[in-house]
Amino acid sequence: MSGSGSAVQIIGVVRDASGAPVAGAHVLFTSGPRPLPDIAALTDTEGRFFLTAPAAGAYTLTCRADPIMGPPGTADATVRVGATTGGAVAEPVRVELTIG
């Protein structure tokens, strides 16, 4: 594979159907351009999460809400992370997931 191996940050937020942030939801990679280790993030009180994509390509994220912390359910999103060139710092990829 050619190109930079620089990681790119994925910044996201999980909301319920009303638009309220969902705290305590698990967000994880379910597919990527190559096998991924088990990497997951837990949303904070504002529903925010941060993940690091290790290489360029398309990633599928799955969010699973904790029914004790908020509304039950899951949501999926696909994000595309572009390759970096010449050592440039890649802009974070932003994504929003809605449960319910």
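The exercises below work through a predicted model of one protein chain, each with a solution in steps.

**Exercise 1. Overall architecture**

Task: State how many helices and strands the protein chain has, and give their order.

Solution.
Step 1. The protein chain has zero helices and seven strands.
Step 2. Read from the N terminus, the elements follow the order β-β-β-β-β-β-β.
Step 3. Contacts between residues at least 6 apart in sequence can be sorted by separation; 59% of them join residues at least 24 apart.

**Exercise 2. Dimensions and surface**

Task: Decide whether the radius of gyration of the protein chain agrees or disagrees with that of a compact globule, then describe its box and its exposed area.

Solution.
Step 1. For 100 residues, a compact globule would have a radius of gyration near 13 Å.
Step 2. The protein chain has 14 Å, which agrees with that expectation.
Step 3. Along the principal axes, the C-alpha atoms occupy a box of roughly 45 × 25 × 15 Å.
Step 4. About 5600 Å² of the protein chain is exposed, and carbon and sulfur atoms supply 53% of this area.
Step 5. As for burial, 36% of the 100 residues count as buried.

**Exercise 3. The largest nonpolar core**

Task: Identify which residues of the largest nonpolar core touch the most other members, and which elements give two or more residues to this core.

Solution.
Step 1. The core has 24 residues.
Step 2. Ile-10, Val-14, Val-27, Phe-49, Leu-51, Leu-61 and Leu-97 touch the most other members.
Step 3. Two or more residues each come from strands E1 (8-16), E2 (26-31), E4 (48-53), E5, E6 (74-81) and E7 (93-99).

**Exercise 4. The aromatic pair**

Task: Find the aromatic pair in the structure, describe its geometry, and explain what the pair ties together.

Solution.
Step 1. A search of the whole structure gives one aromatic pair.
Step 2. Its partners are Phe-29 and Tyr-59, with ring centres 5.2 Å apart and 50° between the planes.
Step 3. Planes under 30 degrees apart would count as stacked and over 60 as edge-to-face, so an angle between those limits is called tilted.
Step 4. Phe-29 belongs to strand E2 and Tyr-59 to strand E5, so the pair ties together parts that are 30 residues apart in sequence.
Step 5. Both Phe-29 and Tyr-59 are buried.
Step 6. Leu-36, in the loop between E2 and strand E3 (40-42), is in contact with both Phe-29 and Tyr-59, as well as with Ser-31 and Pro-54. Leu-36 itself is partly exposed, at 23% relative accessible area.

**Exercise 5. Two buried threonines**

Task: For Thr-62 and Thr-43, work out where each lies and what its side chain reaches.

Solution.
Step 1. Thr-62 is part of strand E5 (residues 57-64).
Step 2. The relative accessibility of Thr-62 is 9%, so Thr-62 counts as buried.
Step 3. The side chain of Thr-62 makes a polar contact of 2.6 Å with the side chain of Asp-76.
Step 4. Beyond residues up to four places away in sequence, Thr-62 touches Asp-76, Ala-75, His-26, Val-27, Leu-28 and Thr-30.
Step 5. Thr-43 sits in the loop between E3 and E4, and its relative accessible area of 5% makes it buried.
Step 6. The side chain of Thr-43 reaches two backbone nitrogens: that of Gly-24 at 2.9 Å and that of Ala-25 at 2.8 Å.
Step 7. Apart from neighbours within four places in sequence, the contacts of Thr-43 include Val-14, Val-22, Val-27 and Phe-49. Val-14, Val-27 and Phe-49 were named in Exercise 3 among the core residues that touch the most other members.

**Exercise 6. Partly exposed positions**

Task: Classify Thr-98 and Pro-54 as buried, partly exposed or exposed, and relate each to a residue distant in sequence.

Solution.
Step 1. Thr-98 lies in strand E7 and has a relative accessible area of 43%, hence partly exposed.
Step 2. Ser-18 is 80 residues away from Thr-98 along the chain, yet their C-alpha atoms are separated by 9.1 Å.
Step 3. Not counting residues up to four places away in sequence, Thr-98 touches Arg-15, Asp-16, Ala-17 and Ala-75.
Step 4. Pro-54 is in the loop between E4 and E5 and is partly exposed at 24%.
Step 5. Pro-54 and Pro-33, 21 residues apart in sequence, have a C-alpha to C-alpha distance of 9.6 Å.

Terms used. Residues are numbered from 1 along each chain as its sequence is written. This is a predicted model: local features need pLDDT of at least 70, side-chain atom pairs count only at pLDDT 80 or more; totals for chains, interfaces and linings use all residues. Side-chain values use heavy atoms; hydrogens and water are left out. Helices (H or I, at least four residues) and strands (E, at least two) are DSSP runs, numbered from the N terminus. Buried means under 20% relative accessible area, exposed over 50%, partly exposed in between (1.4 Å probe, protein chains only). A polar contact is a pair of N or O atoms within 3.5 Å; within protein, one must be able to donate a hydrogen and the other to accept it, and residues adjacent in sequence count only if both atoms are side-chain atoms. Contact means heavy atoms within 4.5 Å. A nonpolar core is a set of buried Ala, Val, Leu, Ile, Met, Phe, Trp, Tyr and Cys residues joined through side-chain atoms within 4.5 Å. The radius of gyration is taken over C-alpha atoms; the globule rule is 2.2 Å times the number of residues to the power 0.38. Accessible areas come from the Shrake-Rupley method with a 1.4 Å probe; for residues, only the protein chains shown count as cover. Rings of Phe, Tyr and Trp (its six-membered ring) pair if their centres lie within 6.5 Å; planes under 30 degrees apart count as stacked, over 60 as edge-to-face and the rest as tilted.
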